[in-house]
Amino acid sequence: MTTVQPSLAGEPGLSELLTGLGRDVARDGRVLTVQVPTAGLEPAVRRIAAHRGARLADVFASDPGEDRTPVTLRLVWGLDGDRGYLITESPVDGERYPSLSEIAPAAFAEECEIYEQFGIRPASGRPLNRVALPPWAGPEWPRLGRAPAEPPEDVHAPHHVGGHAFEFPFGPVRQVAVESLYYGLVTSGEELVDLYLFTWHKHRGVEWRLRGCTPAEALFFVERTEGLGAVGNAWAFAAAVEAALGLEPPPQAMAARAIALELERLYNHAAATAALCQSTGLVIGQAAAEIALERLLRVNAAVFGHRFLFGVVGIGGSRRAPDLAALRRDLPGAYGELRRAADALLTTNSFLDRLEATGVLTEEAARRLALVGPVARATGLAIDTRADHPVPPYGEFPPDVAVQQAGDVLARFRVMLTEAAESVRLIGEIGETGPGAGLAVPADDAAAPPGGTGLGWAESSRGESLAWVALDGAGRITRARLRPAAVRNWRGFDDACRSQNVFTDIPIIEASFWLTVAGTSR
Amino acid sequence: MPLWTLRGLRRGVVTTRYPARPEPSARLLPTPPAFQPDVLTRDLADRLVAVCPSDALARDGDALVFDVGACTACGRCQAEAPEAAASSGEFELAATARAHLIKRIPLGGRPA
Amino acid sequence: MTSQDTTGLTAAEASAELRRTVARLFGRSLHIRTLDTGSCAACEQEIRLLAAPHYDLNRLGFFFTPAPRHADLLMVTGPMVRAFENAARKTYEAMPDPKIVVATGACALGGVYQPDPFTHGGIGGTLPVDVWIPGCPPSPLALLQGLLVAVGRLADKVKDLDFSLNGTPR
Amino acid sequence: MSPLPVMAGAAVAWGVAALIALTCGSTRAGIRACCAVSGLAGAAALAGGVSALLSGNSRVVSAGGSVVVGTLQLQATSLAGVFLALLGLIAVATAAYVPRYHEPGHATGLYLGVYNLAALASLAVLAAGNVVTFLVAWETMALLCYLLILRRPRRREVAAGAFWFLALSEIGFVAIVAAFVILAAKTHTMQLDLIAARAHLVSGDWRVAAYLLALAGFGFKAGLVPLHVWLPEAHPVAPADGSAFLSGLITKLGVYGIALFGFELLPGGPAWRGVLTMAAGAVTAAIGILYALNERDIKRFLAYSTIENIGIIVTAFGAAMTFLAYGQRLLWAFLLLAGLYHVANHGCYKTLLFQEAGVIEHATGTRDYDRLGGLAHRMPRSSVITFVGTLGIAALPPLNGFVSEWLIFQGLFQGFRTGSHLVAILIVIAAAILGLTGGLAVYAFVRGYGIPFLGMPRTRQAAAASESRQPQVGPALLAVACVALAVGAPVMLAGLARAMRTVTGVTLRPVLLPGNLTVIPAHTNFSGFSPTWLAVFLLAVCAVPALIYLAGRPRGASRTEPVWDGGIVTFKPRMQYSAMTFSAPTRVMFDALYRPSVSVERASDEPAGSSGPVHYESEATPIFERYLYRPVIRAFEWLADLVRPIQSGDVNLYLFYVFAAVLVAYLVAAL
C-alpha cells in the first residue's frame with residue numbers, strides 16, 4: 001500500500017522497540033515484519049505487549065505445505081499508537097512453543113485453534129478448548145497442517161460441573177432464524193456461574209478451502225464466510241492480496257468500497273437495534289427498527305444491486321459503481337426511520353433499565369482480550385482502524401470515533417447509534433468524491449512476479465477485520481488467514497455474560513454484541 | 001407501552017400486498033441471468049462457465065446447462081459477456097423438484 | 001426417510017402428494033422451524049425479516065415456532081456441515097408427520113460449497129427436500145413465494161421458465 | 001377388652017424379642033424370630049392403643065413396688081392411646097422391614113435388642129400412671145435411643161450425632177423433672193390422674209412455670225426450634241429403621257409430654273401461654289422446612305421435615321390452648337383432635353420415607369440427592385410407595401397429610417372467635433406462617449421425590465440400583481395406613497373425637513360429623529369437606545382424561561422419538577436440575593436466614609474464555625449451632641477450667657474440704 005503517512009517508526013517509542021526486537025525488520029507500507037526466533041519469542045512478546053497502544057490483533061500459523069516443518073507462527077500486533085501493524089514470524093520446530101496466553105491472554109483462542117490445525121501447543125501444557133473440530137474429529141479429519149500427536153482428551157479442557165450448580169444446555173438448534181451455536185450455561189439455579197460456547201457446528205473450513213484458489217475465486221468464499229460482514233471481510237482480504245501483489249486500487253473504487261462499508265455498518269446497527277428490542281420484548285420497537293432495517297437493505301439493493309452488498313469489493317478495487325442518485329434519494333428516509341426508532345427507544349425507561357448495567361465489560365478486560373469494534377469502544381477503548389490505520393478514503397475523511405465508558409449493553413447501543421450517524425455523514429462526504437467501479441491494472445508480470453504475502457484490514461461493523469495471504473508464484477493462495485471481528489469479540493461475550501447476570505440477560509447481551517457464529521467458526 | 005402502540009399506529013402500514021399484488025421493491029433484487037441463445041457460441045459458453053464461481057453453468061455439447069439453484073446472481077457472467085447474458089428479473093424461483101431448476105439453453109450462435 | 005417412502009412414489013410425486021396433504025391438513029396455518037446447517041447468517045437475516053412489518057408472514061397463515069415438535073415445515077439454510085449432520089437429523093426426526101423440508105438459499109441447493117470433507121455441499125443428500133428456494137440469499141419475497149409454493153397456494157413457476165432471452169427481451 | 005393386659009402382653013413380647021435378639025441375633029433365623037415376636041408385640045400395642053381409645057381412661061393399676069422408685073403404677077389413657085397405636089403400627093412395620101435391611105451379626109443382635117427394649121421403654125412412658133414411673137421410663141427410653149443411634153460407634157460423626165442426642169435429652173430431662181416436682185409438691189401426689197384431678201391446687205404462676213418447663217423439656221425431644229439441633233445430627237447416622245423409629249415415635253413422645261401437661265394435667269391457663277406455644281410451633285415449622293430445602297442428604301432432609309411437622313402439631317396445640325383461654329371449648333377440643341390426627345399421619349409417612357431412604361441407600365450406596373436420579377425406572381415398587389408417602393407429607397389431597405393440615409387450618413382460621421383482635425391477628429399470622437410452610441413443603445418434596453426418582457442417573461451407582469432383596473413390606477404397610485387414614489378419615493376422626501371426650505369433656509361428634517362422611521371444623525357455619533368423597537372425586541378426575549385419551553387416540557401409525565434436546569451430541573446427567581439448584585431461589589429469597597457463603601472455582605477466569613471444570617458451592621451458615629450452642633459450650637468449658645484447681649488429688653486437701661463443709665453447715669445451723 002502506498003498510502004504511507006511519513007513517520008511510521010518515526011515515533012521514538014517504536015524505533016527503540018524495533019531495535020530491541022532485533023535485526024531484520026522488513027517494511028511494507030504500514031506493516032512491519034520482524035523475524036523472531038522461537039527462543040526469543042517470550043521476551044519479544046513481553047516487550048511488544050508492554051509497548052504503548054500495542055494490541056495483539058491475531059495469531060496464526062502456516063506450514064510450508066504437505067505438512068512439512070517448520071510451522072511458522074505469526075503474531076499480528078496492531079500498533080494503534082503508531083498507525084501501523086507489526087508481524088512477528090517465528091519458525092517452530094517440534095511440538096511446543098512458548099505459551100503466549102500467559103503474557104497476552106487474547107492469544108488463548110488462537111493457541112487452541114493452532115493446536116487443532118497444526119498439532120503444536122503452548123509449552124505451559126494447560127488444557128485447551130475445542131474450537132473448530134467436533135468431538136469425534138480424529139487424525140483423519142481435514143486440517144491446515146499436521147494432526148496433533150496426543151489424543152485430544154489429554155489436551156482439551158473437560159467440562160465438569162461440580163457442587164451446587166448444573167449445566168443448562170442451549171443449542172445448537174436454538175430460536176427461530178438464529179445461527180446454530182451451543183451455549184453451556186452453568187447456573188446455580190438463579191445466577192449465571194459460567195458460560196462456554198461450542199461453535200464447531202458451523203465450521204466450514206473456509207481457510208482450508210481457500211488454499212489453491214486464485215484470489216478472485218477466493219473472494220467469492222470470503223464474502224460468504226460472514227454474510228453480514230461481507231464488505232468488511234472482502235475489503236480486508238482484497239487489501240491483503242493487493243499488498244501481496246503490489247496493486248493500487250483507483251481512488252474512486254476505494255470510495256465505492258467505503259460507501260459500501262458504511263452502508264453495511266448502518267444496516268448491521270439497525271439489525272442490532274431490532275434484536276435488542278426483541279430480546280427485551282419491545283415488539284413495536286422491534287417492528288420500527290425492522291422497518292428501518294428493511295429500508296436500509298433496499299437502499300443497498302438500489303445503490304449496489306445487492307441487499308447484503310455481496311460482489312461490491314473486487315481484487316484491486318470495486319466491481320460495482322454506487323448509484324449515487326438512489327443513494328441521495330433513499331438513504332435519508334431510511335436512516336430517518338432508524339433515528340426515530342432510536343430516539344423513541346432512548347426515552348423508554350422500561351427498555352433502558354434492561355440495558356443498563358447488563359453484560360458489563362471493563363476496559364481492562366477489553367484490553368486484555370484485545371476486543372475490537374463497538375464492544376471495545378463501549379468500554380472506553382478508542383480503537384477504530386479507520387482512524388488508527390487509515391486507508392483511502394478515510395485518510396481525508398477521518399471518522400470521529402464514538403466512545404462510551406460504561407461498558408454495558410446500553411453503552412454498546414449508544415456507540416452503535418452514534419456510529420450510524422457518523423456513517424451517514426461519511427457516506428455523504430465520500431459520495432461527493434465521485435466514487436465508481438474500477439479495478440487496478442496489475443503491474444507487468446515480468447517486473448513483479450505475482451507472489452508474496454500481504455496483510456489487509458478494514459473496520460467492519462463489528463470491528464477490525466484482518467486478513468493475511470501468501471501467494472505462490474502462480475498467483476494462487478498457499479495460505480489465507482481470515483480474522484473477522486467476531487473471532488475476537490465472542491470471547492468478550494463469555495466475560496460479559498459472567499458479570500452478575502441472570503438467564504434472561506443473555507439474549508440482550510448477545511444482541512448488543514451482534515456477532516455472527518459464521519464469522520468465528522469459518 | 002401505550003405510547004409505543006400509538007407510535008406504531010402513527011407509522012402506518014408498510015406491509016407488501018404480495019402475492020395479491022406485485023411488489024415494486026422486487027425490481028431492486030439481484031436475479032439470475034437469462035441468456036441470449038443466438039449469440040452463444042461454444043467458446044463464449046466456455047468463457048461463461050469459466051467465470052461462474054458457483055458452478056451454476058456447464059456446457060453439454062451444444063447446450064449451456066444453467067443450474068438456477070446454484071446461481072448466486074453474482075453478475076460475473078453478465079460482466080463477462082453483456083451481449084449474451086442479462087438479468088432475468090425473475091425472483092419467484094421456488095421449485096418443487098431440483099430438476100425444475102436445471103435449464104438447457106441451446107447454443108444458437110454461429111462461431112465467429 | 002420421508003413418510004411416503006413406503007408408497008412407492010417417486011420423490012416428485014411424493015412431495016406433490018405431501019403438499020396436497022399439507023394444504024388439506026394445515027389449511028391456512030402452518031408452523032415453521034428454521035435450521036442453520038452452516039449458513040453465512042445472511043439467509044437467517046432474511047428469514048427474520050419475514051416476520052417484520054414489510055413482509056409479515058403471519059398474514060398468510062405462517063408462524064415461526066422454536067419447537068420442532070410443533071413444526072410442520074423445516075426451512076434449512078447452509079451447505080449441511082458434516083459436523084452438524086447429527087443435529088440436523090435429530091431436528092427432522094423430532095418433527096411430526098407430515099412435514100415439509102424447504103431448502104433455502106444457494107448453499108442449501110449446492111451452489112456455493114461442493115461436497116468435501118467439511119460439508120455435504122447442499123442438504124439434498126441428508127434431508128428429503130420438498131421445495132427448493134434459490135438465491136444468495138433469497139430475498140424475503142422469494143422466501144414468501146417459496147412458502148406459498150410449499151403449501152400449494154402458488155404454482156411452481158420456475159418449471160416453465162427457460163431463462164433464454166429469445167424473442168422476449170426483458 | 002381392657003387395654004392394660006394387652007399392653008402387658010406387648011411388653012412381655014418385646015422383652016422376649018430383646019432376649020432372642022441378644023442371644024441369637026447373629027443368625028438370620030434368630031433375627032426373623034426376634035422380628036416375628038417384636039411384630040406381635042407391635043400388633044398387641046396397636047390393639048392396646050385402639051382399645052384405650054375406645055374404652056377411655058382406665059383406672060391406675062399399682063404393680064409391685066420398691067423402696068427406691070415407689071410403687072410401679074400404670075394407666076391406659078385415651079390421650080396415650082393415640083401414641084400407643086402409632087407405636088404399635090411403627091413396630092409392626094419395622095418388624096417387617098428389619099430382616100431384609102440388617103445383615104445378621106453380633107452388632108445387629110445388640111442393636112435389635114436395644115431397639116426392642118427402647119420400644120418397651122416407650123410403651124412404659126405411655127402407660128406410666130405415676131411421676132416416678134414416667135421419669136424412669138423416660139430416661140431409660142432416652143438412653144436406649146442413644147445406644148440405638150450408636151449402631152456404628154467407630155465412625156466419628158456417629159459418636160457426635162449420638163452425643164448431641166444424649167446431651168440435649170439430658171438437659172431436657174432436668175426441665176421435665178423440675179416440672180413434675182412442682183406439680184407433685186403442689187398437689188401432694190405422684191399419681192398422674194390425681195395430679196390432674198387436683199390441678200386447681202396449683203396456683204397460676206406455678207402452673208405457668210411447670211408448663212413452660214415441660215414445654216422446654218419435652219421440646220428438646222420433640223425438636224422445637226431452637227432445641228432441634230440433635231435431629232439432623234442423629235438421624236443420618238442411625239440405621240434407617242432406627243431413624244424411622246426416632247422420627248416416627250420418639251419425637252412424638254415429646255409431643256405427648258407437651259399434650260400431657262397442656263391438656264390433661266394443667267388444662268387452662270393464661271392466653272399468652274397458648275400464644276407462646278403456638279408461636280414456637282409456627283417458627284419451628286417454617287425454619288424446619290427452610291432448612292430441609294437446602295439439604296443434599298436424604299435423611300437430614302427428612303429430619304428437618306420432621307421438625308417442620310412437629311412445629312405444625314405444636315402450633316395446633318398452642319392455638320387450642322389459646323381458644324380455651326377465651327372459652328372456645330369446641331375449638332379447643334377440635335384443634336387438639338386435629339393435632340393428634342397429624343401425629344398419627346406424620347408417624348406413618350415419615351416412618352415410610354425413612355425406611356425407603358434406607359432402601360435407596362442400600363441400593364445405591366449414597367444418600368446424596370445429587371448422586372441419585374432415575375430410580376423410578378430401576379426401583380418401580382419403591383418409587384410408588386415413596387410417592388404415596390410424599391403425597392402424604394406434602395399435604396396434597398387426597399392423602400392423609402392434607403386431611404389433618406386442613407383441619408388445623410380450619411381451626412386457625414376461626415381465630416376471630418376468640419373475640420380479641422390481637423389474639424385473632426396472632427392466630428391468623430400463625431396460619432399464614434403455616435401456609436408458607438405448606439407451600440415450601442410441596443416445593444421441598446417435589447424436589448425430594450423428583451431429584452432421586454426422575455430424570456437420568458447422576459452416578460454409575462444410581463444407574464446400577466436394584467430393588468431386588470430390598471425390604472418392601474414394611475413401607476408398603478405404612479403406605480396402606482396412609483391411604484386408610486386419608487380415605488377413612490371421617491371414621492377415624494369419629495373414634496378419636498369420642499376418645500378425646502375423656503380429656504376435654506367436649507362432645508364434638510354431631511358437629512364434626514353430621515353423617516355422610518363430611519368433616520366440619522367445630523362450627524357448622526364455617527366450612528366442611530369430605531376426605532372420602534374428595535379421594536373418589538380426584539380419582540375420577542384423573543381417570544376421565546385417561547379414558548378420553550384412550551378413546552380418542554389416533555389409530556394411525558405413530559413414531560416414538562427421544563426428547564427434543566436442541567440437537568446436542570448427547571444429554572449428560574450434569575445437564576439436569578440438581579437438588580441444590582432446584583432450591584436455589586429460596587437461598588436467594590431467604591438469604592437473611594441462610595447467610596449463604598458462595599465459592600466459585602472455574603478454569604475460565606484466565607486466560608480468556610478457557611472453559612473447563614466449574615465448581616460452585618453455596619453453604620448455609622448453621623446459625624443455631626454457631627450463635628446459640630457454641631457460646632454455651634464455651635461457657636461450660638470456661639467454668640470447668642475454673643473449678644479444676646480445687647481437684648488437686650491431695651488427700652489432706654479433701655479432708656480440709658470436708659472439715660470446711662461441716663463447719664459451714666454447723667454455723668448455718670447455729671445461726
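In what sense, parallel or antiparallel, do strand β1 (residues 25–28) of chain A and strand β2 (residues 31–35) of chain A pair? The first legend below takes this up, and the others move on through the complex, which is a predicted model.

**Figure 1. A hairpin in chain A.** Strands β1(A) and β2(A) pair in the antiparallel sense, and four bridges hold this pairing in the model. One place to find the register is A:A26, which stands opposite A:T33 in β2(A). Two residues lie between the strands of this hairpin. Look in the turn for A:G29, whose phi is positive, at about 60 degrees.

**Figure 2. A positive phi outside glycine.** Here is a backbone detail for anyone who likes to check torsions: A:R83 has a phi near 55 degrees, a positive value in a residue other than glycine. You will find A:R83 in the loop that links β4 (71–79) and β5 (84–92) of chain A.

**Figure 3. The start of chain A, and how far to trust it.** Chain A as a whole has a mean pLDDT of 88, with 95% of its residues scoring at least 70. Residues 1–7 of chain A are another matter, since pLDDT stays under 50 there. For this stretch the model has 12 contacts beyond four places in sequence. Where pLDDT is low, please do not read the predicted coordinates in detail.

**Figure 4. A sheet shared by chains A and D.** Three strands make up this open sheet, in the order β8(A)-β4(D)-β3(D), and their pairing is mixed. At the edges are β8 (161–163) of chain A and β3 (597–602) of chain D, each of which pairs on one side only. On average, neighbouring strands are turned by 15 degrees against each other, direction ignored. Within chain D, strand β4 (residues 614–619) runs antiparallel to β3(D), and six bridges join the two. To get your bearings, start from D:E601, whose bridge partner in β4(D) is D:H615.

**Figure 5. An oblique helix pair in chain D.** Helix α13 (residues 329–364) of chain D packs against helix α20 (residues 489–504) of chain D, with axes 10 Å apart and an angle of about 125 degrees. The two helices, α13(D) and α20(D), are therefore oblique to each other. The crossing of α13(D) past α20(D) is right-handed. From α13(D), the contact takes in D:W332, D:A333, D:L336, D:L337, D:L340 and D:Y341, and they meet D:L493, D:L496, D:A497, D:M500 and D:T504 of α20(D). By class, this contact has 10 nonpolar residues, one polar residue and no charged ones.

**Figure 6. A roughly antiparallel helix pair in chain D.** Helices α15 (residues 380–393) and α17 (residues 421–453) of chain D pack at about 165 degrees, their axes 9 Å apart. That angle makes α15(D) roughly antiparallel to α17(D). The crossing of α15(D) past α17(D) is left-handed. On the α15(D) side are D:S383, D:T386, D:F387, D:T390 and D:I393, which meet D:F445, D:G448, D:Y449 and D:F453 in α17(D). Five nonpolar and four polar residues form this contact, with no charged residues.

**Figure 7. Two cis peptide bonds.** In chain C, the bond from C:C136 to C:P137 is cis, with omega near -10 degrees. C:P137 sits in the loop between β5 (131–133) and α5 (140–150) of chain C. In chain D, the bond from D:P397 to D:P398 is also cis, and its omega is near 5 degrees. D:P398 belongs to the loop between α15 and α16 (400–413) of chain D.

**Figure 8. Where chains B and C meet.** Among the five pairs of chains in contact, chains B and C share the most contacts. The contact draws 38 residues from chain B and 41 residues from chain C. On the chain B side, the elements giving two or more residues are β1 (33–35) and β5 (102–106). This side of chain B has 23 nonpolar, 10 polar and five charged residues. Chain B does not touch chain D, and the nearest C-alpha atoms of these two chains are 26 Å apart.

**Figure 9. Confidence along chain D.** The mean pLDDT of chain D is 90, and 97% of its residues reach 70 or more. Confidence in this chain is highest in helix α12 (residues 298–325), at a mean of 96, and lowest in helix α21 (residues 509–512), at 68. For the complex, the predictor gives an ipTM of 0.83 and a pTM of 0.86.

How values were computed
Residues numbered from 1 in each chain as written. Chains lettered and ligands numbered in written order. Predicted model: local features only at pLDDT ≥ 70, side-chain atom pairs only at ≥ 80, totals over all residues. Contact = placed C-beta atoms within 7 Å. Nonpolar A, V, L, I, M, F, W, Y, C, P; charged D, E, K, R; others polar. pLDDT = per-residue confidence, 0-100. Pairing = 2+ DSSP bridges. Axes fitted to C-alpha atoms, helices over the stretch in contact; angles between N-to-C directions. Parallel < 35°, antiparallel > 145°, perpendicular 65-115°, else oblique. Left-handed = near helix turned anticlockwise from the far one by under 90°.
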